[in-house]
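Hello,

Here is the structure I promised to pass on to you. Please open it alongside this message, and my notes on it follow just below.

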Amino acid sequence: MQNLLYTIAVVLVILWFFGFLVYNVGSIIHILLVIAVIAILLRIIKGKEI
């Protein structure tokens, strides 16, 4: 459970980057980026290393 947020964040950032470069689907990819950033911020706020 400790690395769950970090793993989700990394996967979402990779999906966003891939989608942004290849498919450019639209706002759905950018929503994934926002979710990934929020997950990273929550991890930092809880005091755990990234």
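A helix here is a DSSP run of H or I that covers at least four residues, with numbering that starts from the N terminus. Please keep in mind that the model is predicted.

On that basis, the chain has two helices and zero strands. Helix H1 spans residues 4-23, and helix H2 takes in residues 27-45.

Now for the surface. The chain has 50 residues, and 16% of them count as buried. About 4,000 Å² is exposed, with 75% of that area supplied by carbon and sulfur atoms.

Part of that surface is a nonpolar patch made up of Val34, Val37, Ile38, Leu41, Leu42, Ile44 and Ile45. Together these residues have about 640 Å² of accessible area. Ile38, one of the patch members, sits in helix H2. Its relative accessibility is 45%, so Ile38 counts as partly exposed, a class that runs between the 20% limit for buried and the 50% limit for exposed.

The other residue I looked at is Phe20, which belongs to helix H1. Phe20 has a relative accessible area of 39% and is therefore partly exposed as well. Which residues does Phe20 touch, leaving aside those up to four places away in sequence? They are Ile29 and His30. Along the chain, Phe20 and His30 are 10 residues apart, and 8.3 Å separates their C-alpha atoms. His30 falls within the residue range of helix H2, so you may like to start your viewing there.

Best wishes

How values were computed:
Residues numbered from 1 in each chain as written. Predicted model: local features only at pLDDT ≥ 70, side-chain atom pairs only at ≥ 80, totals over all residues. Heavy atoms only, no water. Patch = residues over 30% accessible without salt bridge, like charges linked within 9 Å, V, L, I, M, F, W, Y side chains within 5 Å. Areas by Shrake-Rupley, 256 points an atom, 1.4 Å probe, with all protein chains shown as cover. Salt bridge = Lys/Arg side-chain N within 4 Å of Asp/Glu carboxyl O. Buried < 20%, exposed > 50% of the residue type's maximum accessible area, 1.4 Å probe, protein only. Contact = heavy atoms within 4.5 Å.
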